[in-house]
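Hi,

Here is the structure I said I would pass on. Have a look when you get a minute, and my notes are underneath.

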Amino acid sequence: LTANGSLAFNISNRYLNLVPVVRRLAEHGGFTALHVSSKGDAAAWQFPAEWMLLMRDESTLAALRPFAHDDANEKQLALWTDHYSNLFEILK
């Protein structure tokens, strides 16, 4: 990933709140995570989606922050690894 690159995770899910999981993984990797939505277009068969954008570049972060959700009240989770995950704590 380049210095000004970003990773986009589609976290759309009816049953699981993946925001805190991806945010914790981002923090662990030294990234800042922004939670954004895309509206979709029914006429073009495009569905709404939830996204987590992970990046390190401050100029890109500043440009995208106005579009980000306020997740200040999101639950803090332990880091998910190959040895630990807990689906019950992210059920909607």
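Below is what turned up when I went through it. Keep in mind that this is a predicted model.

Let's start with the inside. The largest nonpolar core has eight residues: I11, V19, V22, A26, F31, A33, M52 and L54. Helix α1 (19-28) and strand β3 each put in at least two of these residues, and the largest share, three residues, is from α1. As a general point, nonpolar side chains in soluble globular proteins tend to be buried together.

If you want one core residue to click on, try L54. Which residues does L54 touch once its neighbours within four places in sequence are set aside? The contacts are G5, S6, L7, F9, V22, A26, F31, T32 and A33. Of those partners, V22, A26, F31 and A33 are also listed in the core.

Now for a loop. W45 sits between β2 (32-38) and β3 (49-55). Its relative accessibility is 71%, which is over the 50% cut-off, so W45 counts as exposed. The backbone there is worth a look too: W45 has a phi near 60 degrees, a positive value in a residue that is not glycine.

Last, the stretch after α2 (58-64), which is where you'll find Q76. Is Q76 buried or exposed? Exposed, because its relative accessibility comes to 60%. Along the chain Q76 and P20 are 56 residues apart, yet their C-alpha atoms are separated by 6.4 Å. P20 falls within the range of α1 (19-28), so to speak.

Cheers

Terms used. Residues are numbered from 1 along each chain as its sequence is written. This is a predicted model: local features need pLDDT of at least 70, side-chain atom pairs count only at pLDDT 80 or more; totals for chains, interfaces and linings use all residues. Side-chain values use heavy atoms; hydrogens and water are left out. Helices (H or I, at least four residues) and strands (E, at least two) are DSSP runs, numbered from the N terminus. Buried means under 20% relative accessible area, exposed over 50%, partly exposed in between (1.4 Å probe, protein chains only). A nonpolar core is a set of buried Ala, Val, Leu, Ile, Met, Phe, Trp, Tyr and Cys residues joined through side-chain atoms within 4.5 Å. Contact means heavy atoms within 4.5 Å.
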